[in-house]
Every structure is written in C-alpha cells, then in structure tokens.
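Here's a protein to look over together. Let's ask how its two-part description is backed up.

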Amino acid sequence: MVSSFPFRRLVRFENESGEVKYGEVASGDLKTLVGSTVEVYTGQVPWDPDFQKSGQKDVIHKVLAPLPRVPIFSCVGLNYKAHAAETKTNPPAYPILFNKPSSCLAGPADDIPIHKDAQFLDYEGELCIVIGQTCKDLSETDDALDYVLGYTVGNDVSSRYWQMPDRSGQQAGYSKSFDKFAPLGPVICSTAEIPSPGTLTLVTKVNGLERQRSSIEDLIFTVQDIVRFTARGHTLEPGTVIMTGTPSGVAAFMKPPAWLKDGDVVEITIDEIGTISNKMVFE
C-alpha cells in the first residue's frame, strides 16, 4: 500500500463566518448537509501530511467543490458499453482521452453559466476519480487504487455544437471546456468506503425526469485500467480528476435531441457518494 487517507466521506464547506474547512460526513445528501454539524480536519488539502481530524466541530453553511483547485481534468470518452451502442460505435481498444482545464471546476450546487456560443447543450453524469498521490508509469503489479484519494460525482457538461466533426476535427476538448463545465461533489468518498465501484448505480435527472440510469459495472475500462493508462508517460498530480465516461441516455441521442435549456436543473446521483444539482443559466 503506497498511502492511505484518514477519511471516509469528506465534504469541503464554508462555515457561517466564511471560513473554508473540510469535514467528515455520513452521507452526500445535499439537502441535509447544509446546517449539519461535522467534525473538521486540519490541513488545506486531503493529501497534506498534517491532514487529520482536529477534534473540533463546525456547522456547514455552504457546500463547496470538494477540491479548491483541480490541476487538470483527464476525461474518458465512450467508456460505457450501452453508450457505445447508442452511438453505433464499436467499443475502443484503448481509453479515449481528452482534457478539461482547471477553470471547468464548479461546486455541487453552483449555477453553470452558459456562454451564448455554447449551443446544443448536453449533460454527462460521471463517476470521477480523484488522485491523491503523484504517480506516473505504473507497472502491471502496482495497485492503481493506492494512488486514488477517492471518488466523487461529476457532470461533463458539453456543447455538442462544438463537438460536431466539421467544427472539431473529432476533438472533444473545446466543446467541454467552457468555464464551470465540470461541477463536482458533494463529497469525496474514500476507496475504503467504496472498494468495488462497479456495484454503484448512476442516475441523471433533468428537471426531475430521469435521463440516465446505469450500473458502473457497464464501464468498458475499469478504474484501475483508466488510472494506469492515464499515468502512462504522464505525471498525475494530487488533485487531478479523472472523469470516467458517461452512460447511455445523453440528450444528443434522444429522438429528437433534448438539449438543455436556460433554467434546466441537472441532478446526478451515485449511490454511496451523493447528488450534485446544478442549474444551467444562459448568458
């Protein structure tokens, strides 16, 4: 075991005075987190050597993104069998990767500003891996989970207009890299708490209506596969978030496409981790 982290479910929050802290919680239910009293940790980020329970408690006033900053989002495309089927694409032989910049980070209840040129707006509910220790070039005998801080819920918000081949050259990055296009949260759940991510279920709702429902077991590439491939020749710094792909049911493949509109609320839930809920606000 390379390292271990001292939490089970970790929430980052503001207290009533505006101080930012981390606390231990029993669940990732956004509705009950605000106003709850939690035991707080010392340290600025969970991989700090001095990150440990302080013995003190505080009250959550606002739930924040689970990380103060993400160095980079490394994202996997076309990683669910059913999603590959709905796109009429053969499952890839290797993970299909693209990046989102740090400016994509948003909190679990933040409004998402939609630029006037980010047309054909879509959602992608995703299980997200948070890296907790620097890694690169992992061998087949290395346990990739040793480098994982935990899991969180994410939405790979996408402007399909800029993902169309005649505008993108088959590149996904620009369409998915507008500011705040990666809301995360509401907690980071440790690998000890979720030893088998494949047992989890992901559900996405738009304005309360279900759009996506899938077992994480439908992933083409496992968490270990993804971490090992992403770290091949690339240094993964602590705080790096790997978005593992979305299941079937995205707006683009509904008939007709059900693009998100101004004011739509997207809720994404993964059991054991919690729910993020973000309103799309068109500029």
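What follows is a short round of questions on how the domains meet.

This is a predicted model, where local features need pLDDT of at least 70, side-chain atom pairs count only at pLDDT 80 or more, and totals for chains, interfaces and linings use all residues. Residues are numbered from 1 along each chain as its sequence is written, and side-chain values use heavy atoms, with hydrogens and water left out.

Q: What makes 9-63 and 73-282 domains here?
A: The bounds come from an automatic or database domain assignment, and that gives domain 1 (9-63) and domain 2 (73-282).

Q: How do you know which residues of domain 1 and domain 2 are in contact?
A: Contact means heavy atoms within 4.5 Å. By that rule, 11 residues of domain 1 touch 18 residues of domain 2.

Q: What is the area that domain 1 and domain 2 bury between them?
A: It's about 1,100 Å², with 64% of it on carbon and sulfur atoms. Buried area is the accessible area (1.4 Å probe) that two parts lose on being put together, summed over both. On the domain 1 side, Arg 9, Leu 30 and Trp 47 supply 56% of the area buried against domain 2, more than any other three residues.

Q: Why is the meeting of Glu 193 and Arg 9 called a salt bridge?
A: The term needs a side-chain nitrogen of Lys or Arg within 4 Å of a carboxyl oxygen of Asp or Glu. Arg 9 and Glu 193 meet at 3.0 Å, N to O, so the pair qualifies. The count between domain 1 and domain 2 is two salt bridges.
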